[in-house]
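Visitor: Hey, I've got a protein model open and I'm a bit lost. Can you walk me through it?

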Amino acid sequence: MIRCLAIDDEPLALQQIAAYIGKVPFLELAAQCQSALEAQQFLQQDTVDAIFCDINMPDLNGMDFIKTLTAPPLVVFTTAYAEYAVEGFKVNAVDYLLKPFGLQDFQRAANRIKERLEGRENISLASNPLPLTSNLEDDTIFLKTEYRIVKVSISDIRYVEAMSEYLKVYLESESKPIITLLSMKKMEERLPSYFMRIHRSYIINLTKIQEVNKNRVIMDTDTYLPIGDMYKDAFQQYLDTKFLGK
């Protein structure tokens, strides 16, 4: 079981988080606190694996509270203020839930906690140290999806598909795409040079290509993406720089 601490100065919000924890089979509510100061006192006597923490609280806000912890547990911030999202991920938050959020959003955050803890068990940090350099920041973007703002590693993106006013962002590490309200132009401007637009509806990560077959790019056995007429020349020029042979 994953022991959790719930922190929120609003009684109804705290009650909701506690109820959601009770609905997730692998989570256990260790305690619930109505202030960060109360949570500090609890953590002096006990330990938890994860914290669900509001940010905008009196006396000591949730962000500053997490920064005071020398070895903080995994953290999911729960708040109504989207402007805190980027700062939240700077303290390595697992997820960021924008109020109001439902059980499905909470379950996704819980799954992220579970995956992160399992990863700690399976990976030796000595042989696989986490990259804490500025390169990590350069490889990071934030996407709003439903009630959450999620952190995405650019190098994890396989391809991007336009869908009316929305984008589907397909990741190497996730089975389902992230759907976000964003233009292809804005995404294309943000992505580095190893991404290329091959169709008005597709941007691909060139490092993820498995095969090029006529007018299609094959990303995997189930994913065949068309090359649009407007983009053929630029894509062929890229292939020419990589092609070995006659």
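**A chat about the model**

Guide: Let's start with one residue: Arg158 counts as buried, since its relative accessibility is 12%, and buried means under 20%. Keep in mind that this is a predicted model.

Visitor: Okay, so what does Arg158 form a salt bridge with?

Guide: Its partner is Glu172, and the closest N and O atoms of the two are 4.0 Å apart. Arg158 sits in strand β8 (residues 157-163), while Glu172 is in the loop between β9 (166-171) and β10 (178-181). The two are 14 residues apart, and the pair links distant parts of the chain.

Visitor: And Glu172, how accessible is that one?

Guide: Glu172 counts as partly exposed, at 47% relative accessibility. So the salt bridge joins Arg158, which is buried, to Glu172, which is partly exposed.

Visitor: How many salt bridges are there in the whole structure?

Guide: A search of the whole structure turns up twelve. Another one of them is between Arg112 and Asp95, at 3.4 Å from N to O.

Visitor: Why does that pair tie together separate parts?

Guide: Because Arg112 lies in helix α5 (residues 103-122) and Asp95 in strand β5 (residues 95-98), the pair ties together parts that are 17 residues apart in sequence.

Visitor: Is Asp95 buried or exposed?

Guide: Asp95 is buried, with just 1% relative accessibility. Arg112, on the other hand, is partly exposed at 24%.

Visitor: Got another salt bridge for me?

Guide: Sure, try Asp229 and Lys232, whose closest N and O atoms are 3.1 Å apart. Asp229 is exposed, with a relative accessible area of 64%, and Lys232 is partly exposed at 29%.

Visitor: Which residues do shared salt-bridge partners join into one network?

Guide: That would be Arg158, Glu172, Lys208 and Asp220. So you've already met two of the members, Arg158 and Glu172.

Visitor: Switching topic: what's the chain made of, in helices and strands?

Guide: The protein chain has eight helices and 15 strands. It has 246 residues, and 42% of them count as buried.

Visitor: Where does Arg158's strand fit in with the others?

Guide: β8 belongs to an open sheet of five strands, in the order β10-β9-β8-β12-β11, with antiparallel pairing.

Visitor: Which strands stand at the edges there?

Guide: β10 and β11 (195-199) do. Each has a single partner strand, so one side of each has no neighbour in the sheet. From one strand to the next, the twist averages 20 degrees.

Visitor: How do β9 and β10 pair up?

Guide: They pair in the antiparallel sense over four bridges. Within that pairing, Leu167 stands opposite Thr180 in β10.

Visitor: What actually holds strands together in a sheet, anyway?

Guide: Strands of a sheet pair through backbone hydrogen bonds, and they can be parallel or antiparallel.

Visitor: Okay, and is there another sheet to look at?

Guide: Yes, three strands make an open sheet in the order β13-β14-β15, and the pairing is antiparallel. β13 (211-213) and β15 (223-226) are at its edges, each with a single partner strand, so one side of each is left without a neighbour in the sheet. The twist in this sheet averages 30 degrees from one strand to the next.

Visitor: Which residue stands opposite Thr223 in β15?

Guide: Asp220 does, and Asp220 is also one of the residues in the salt-bridge network. Strand β14 (residues 216-220) pairs with β15 over four bridges, in the antiparallel sense.

Visitor: What about the surface? How much of it is carbon and sulfur?

Guide: The accessible surface of the protein chain is about 14,200 Å², and 49% of it belongs to carbon and sulfur atoms. There's also a nonpolar surface patch of about 350 Å², made by Met163, Tyr166, Ile179 and Leu181.

Visitor: Tell me about Leu181, then.

Guide: Leu181 lies in strand β10 and counts as exposed, at 54% relative accessibility. Its C-alpha atom is separated by 7.5 Å from that of Lys144, and the two residues are 37 residues apart along the chain.

Visitor: Where is Lys144, and what does it touch?

Guide: Lys144 is in strand β6 (residues 140-145). Leaving out residues up to four places away in sequence, Lys144 touches Leu98, Ile149, Ile179, Thr180 and Leu181.

Visitor: What share of the chain's contacts with a separation of 6 or more comes from residues 24 or more positions apart?

Guide: Those account for 51% of them.

How values were computed: Residues are numbered from 1 along each chain as its sequence is written. This is a predicted model: local features need pLDDT of at least 70, side-chain atom pairs count only at pLDDT 80 or more; totals for chains, interfaces and linings use all residues. Side-chain values use heavy atoms; hydrogens and water are left out. A salt bridge is a side-chain nitrogen of Lys or Arg within 4 Å of a carboxyl oxygen of Asp or Glu. Buried means under 20% relative accessible area, exposed over 50%, partly exposed in between (1.4 Å probe, protein chains only). Two strands pair if DSSP finds at least two bridges between them. Axes are lines fitted to C-alpha atoms, for helices over the stretch in contact, and angles run from 0 to 180 degrees between N-to-C directions. Patches are made of residues with over 30% relative accessible area and no salt bridge: like charges are joined within 9 Å, nonpolar side chains (Val, Leu, Ile, Met, Phe, Trp, Tyr) within 5 Å. Accessible areas come from the Shrake-Rupley method with a 1.4 Å probe; for residues, only the protein chains shown count as cover. Contact means heavy atoms within 4.5 Å.
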